[in-house]
Amino acid sequence: MSTEHHDVVIVGAGFSGLGVAIALQKAGFEDVLLVDDADGPGGVWHWNTYPGVAVDIPSFSYQFSYAQRSDWSRSYAKGAELKQYAEHLVERFGLADRIRFDTRVTSAAYDEARCRWSVATSTGDLTATHVVHAGGPLSQPKYPDITGLDSFGGEVMHTARWDHGVELAGKRVAIIGTGASAVQIIPSIAPDVEHLTVFQRTPIWCLPKADFPLVAPLRAGLGLLPGAKRVARLASDVYVEATFPFLAHYGGAIQAGKVLEPLALSYLKTQVDDPETREKLTPRYGLGCKRPSFHNGYLSTFNRDDVTLETGTIERITATGVVTAHGVEHAVDVLLLATGFKVTEKDALPGYDVAGRDGLVIADWWETDRLQAYQGVSAPGFPNFFTTFGPYGYNGSSYFQLVEATAAHIVRVLKEARRRGAAEVEVTPRAHERYMASVRKRRGPQVFWQPSCARANSYYFTKDGDVPLRPGLTPEVRWRNAHFPLSDYAYA
């Protein structure tokens, strides 16, 4: 019996995978299959359903330019609306028959003789002429390595795998971590639990959020007035660009922290009453060294008598609680792990072996030779293989900007290969090295390389001390993905 074959197999049915599939469909590529280990589309918005989950950039920017909504309920959409948006895309672009859910890819190996990939999955083997890895960086939960975690007698759950059957009301709850997810969860559950203990390793810069309901007349205007959605998106994109990509990539040069950090500290002072608690919540690193959070209720939650901020190092977990290095045990009924995701770890790049020419596994190569990729999309030695979120592709803007730029890049390459009748396409080592040299040369003005980032403990930094973000503003990123020389790839 022959193995099922497709022209393109896309791994992941989150917004990255959906965006690439739509772009390929528009370009006339019909034989496309998406596989995902979830039972529905949406990626991070399918898996993350914790209390308070919402997008952290404006809704107008968190959508595809060709499928803009006018009916967002808020300026910053809740997670359920993003999940619904993913389902809407599947229906609108007729992708349902092209997605295979509950299917986990376990390995992918390139067959040089046949110019195709062998893809092993939990539901059977596939072959593909081209493979696109569309798994995002927030897809694989990271569990903490804490002594005794397995011995805890109460309920334990990672925030990215929330169990809605666990009752928190009236319970003593502890949450480990104060990153983006925790910032949303903490104020959402504090009023319901008996007591909430927050274990903080590194404080986060938290800024006010322009989060408000979009009233019916405004939504109607966006839908009816010509150009209204375009204007709203443009204004939103300018705001997003100014608050992260610009500050991240040029903040070191203009010393933006000298202006913005006092404003953020002033906001902290207005939100937290107790000076000692306020001191614990004050970051010791520069604004922008790790992605700041935006929330209007997180900091003030620590004014509550039933919320404790614990900054002591966790020594171990017992059957009944959490013990710090000071010897204090905090009694706990439910333990929440807001410990983030595997972003640059070897077993997350991607979460299955991708073996290219001569059996070289891409994660092994990145482990020894550092993270690298041509525009974050392709790498020499891995023909017919592309990534939507590879190293040095994302500049920190909306993920939708990244997906559209990456999809345009992939479509250009595959259209050229089709025009030439090429069975194999691969970025040239020369183009790859030229690109990597350019991103290294441009990292000087980035905020990450300033002395103020030394204590950030940011997931942006790899084990080698690199920050694999693409330097540059979004208009440049999009232009370069749409206009790179097609001769940067070899066709055979």
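This passage describes a small set of features of a predicted model: a sheet, its enclosed and open spaces, and one buried residue.

We may begin with the sheet. Three strands come together in an open arrangement, in the order S13-S14-S15, and their pairing is antiparallel. Strand S13 (314–317) and strand S15 (329–331) take the edge positions, each with a single partner strand, so one side of each is left without a neighbour in the sheet. On average, and with direction ignored, neighbouring strands of this sheet are turned by 25° against each other. The pairing of S13 with strand S14 (residues 321–324) is antiparallel and runs over 3 bridges. Within this pair, Ile-314 is found opposite Thr-324 of S14. As a general point, the strands of a sheet pair through backbone hydrogen bonds, in either the parallel or the antiparallel sense.

Attention now turns to the enclosed spaces. Searching the whole structure reveals 4 cavities of 30 Å³ or more, and the largest cavity has a volume of about 110 Å³. Its lining includes Asp-56, Ile-57 and Pro-58, along with Tyr-76. Tyr-239, Val-240, Thr-243 and Phe-244 also line the largest cavity, as do Arg-291, Pro-292 and Phe-294. Helix H6 (residues 228–243) supplies the largest share of this lining, with 3 residues. Sorted by class, the lining of the largest cavity comprises 8 nonpolar, 1 polar and 2 charged residues.

Among the open spaces, the second largest pocket holds about 510 Å³. This pocket is lined by 26 residues, and those nearest its centre are Leu-247, Ala-256, Gly-257, Leu-260 and Leu-287. H6, helix H7 (245–254) and helix H8 (257–271) are the elements that each give two or more residues to the lining of this pocket. H8 gives the most, with 7 residues. H6 thus links the two descriptions, as a contributor to the lining of the largest cavity and to that of the second largest pocket. By class, the pocket lining consists of 15 nonpolar, 9 polar and 2 charged residues.

A final look goes to a single position, Thr-474, which belongs to helix H13 (residues 474–483). Its relative accessibility is 5%, so Thr-474 counts as buried, the cut-off for that class being under 20%. Leaving aside residues up to four places away in sequence, Thr-474 touches Glu-241, Asn-395, Ser-397 and Gln-401.

Note on methods: Residues are numbered from 1 along each chain as its sequence is written. This is a predicted model: local features need pLDDT of at least 70, side-chain atom pairs count only at pLDDT 80 or more; totals for chains, interfaces and linings use all residues. Side-chain values use heavy atoms; hydrogens and water are left out. Two strands pair if DSSP finds at least two bridges between them. Helices (H or I, at least four residues) and strands (E, at least two) are DSSP runs, numbered from the N terminus. Axes are lines fitted to C-alpha atoms, for helices over the stretch in contact, and angles run from 0 to 180 degrees between N-to-C directions. On a 1 Å grid over the protein atoms alone, a cavity is a set of points where a 1.4 Å probe fits but cannot get out, and a pocket is an open set with protein on both sides within 12 Å along at least five of seven lines; lining residues have an atom within 4 Å of a point. Grid points are joined across faces, edges and corners, and a volume is the space filled by probe spheres set on the points. Ala, Val, Leu, Ile, Met, Phe, Trp, Tyr, Cys and Pro count as nonpolar, Asp, Glu, Lys and Arg as charged, and the others, Gly among them, as polar. Buried means under 20% relative accessible area, exposed over 50%, partly exposed in between (1.4 Å probe, protein chains only). Contact means heavy atoms within 4.5 Å.
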